[in-house]
Amino acid sequence: MEQVSTDDLLAWIRLFARLVAENRDALTELDAAIGDADHGANMHRGTTAALAAVDGAAPASAGALVKKVGMTLVSTVGGASGPLYGTFFLRVGTALGEEASVAPADVAAALRAGLEGVVTRGRAEAGDKTMVDALAPAVAACEEALAAGRPWAEALAAAADAAAAGRDATTPMVARKGRASYLGERSAGHQDPGATSAALLVAAAAQTLAGGGAGG
Ligand code: ADP
Ligand code: MG
């Protein structure tokens, strides 16, 4: 039976860190328009530290690896996004549990738990112009694909497409959470930085969690 291994999860974190590094300046530019121009630096600092914390450390389990990522993000990323991404990974890691590998349906459930952690912590709803607008459709698309009996790789690809569409949909939105909300109507017309980094996270998942050593 198809399983997501601890190595697959490590590849996910590695690719996310690489995509954040490659998009660091773009994330900062987006945050310069409606925030304080630090999202690229925040995420780059956090994902670099998180990867260093788990790379080559032979984590005991899938959950332990992802929880370590969450703890590192909480302690290294300031601002709104650090605690929110940290909570996401802590919840995902807790839900993944202490096995070395996890079935796709359980990974999907763990991603749902991570999203719920972000929503509980940040209290953002759909349409508030935040990372939730990328994460929530991604988790829903993944669940729907699995429920329809589609292969895991297709569920992940559907999640990545939904995250990208959700990210794009933030552009016309008026921000109701975070710094961008201080701008009121003037926040409209700009893509949300956190939704943009969240779409990178899901894109990285789609390239790594289906196994086969992709990504990295
Ligand atoms: P800060 O806003 O403190 O400078 P960042 O620039 O690193 O932190 O992150 C900004 C991103 O955080 C926003 O683009 C948005 O997606 C996300 N964000 C802010 N507040 C919330 C919230 N309450 N819930 C979910 N996401 C949020
Ligand atoms: Mg900022």
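1. On a 1 Å grid over the protein atoms alone, a pocket is an open set of points with protein on both sides within 12 Å along at least five of seven lines, and a molecule sits in a pocket if more than half of its atoms lie within 2 Å of its grid points. By these criteria, ligand 1 occupies the largest pocket.

2. This is a predicted model, in which local features need pLDDT of at least 70 and side-chain atom pairs count only at pLDDT 80 or more, whereas totals for chains, interfaces and linings use all residues. Residues are numbered from 1 along each chain as its sequence is written, ligands are numbered from 1 in the order in which they are written, and side-chain values use heavy atoms, with hydrogens and water left out.

3. The shell around ligand 1 (residues with a heavy atom within 4 Å) holds 20 residues, with Asn42, Ala80, Ser81, Gly122 and Asp192 the closest. Its composition is 6 nonpolar, 8 polar (Gly among them) and 6 charged (Asp, Glu, Lys and Arg) residues.

4. Helix 3 (39-54), helix 5 (81-96) and helix 9 (193-208), assigned as DSSP runs of H or I with at least four residues, each supply at least two shell residues. Helix 9 gives the most, with 3 residues.

5. Polar contacts are pairs of N or O atoms within 3.5 Å. An oxygen atom of ligand 1 lies 2.6 Å from a side-chain N or O atom of Ser81, and one is 2.9 Å from such a side-chain atom of Asp36. For Gly194, a backbone N or O atom is 2.9 Å from a ligand 1 oxygen. Taken alone, ligand 1 exposes 560 Å² (Shrake-Rupley method, 1.4 Å probe), of which the protein buries 92%.

Definitions and conventions. Polar contact = N/O pair within 3.5 Å; in protein donor to acceptor, adjacent residues only side chain to side chain. 1 Å grid on protein atoms, 1.4 Å probe; cavity = no way out; pocket = protein on both sides within 12 Å on 5 of 7 lines; lining within 4 Å.
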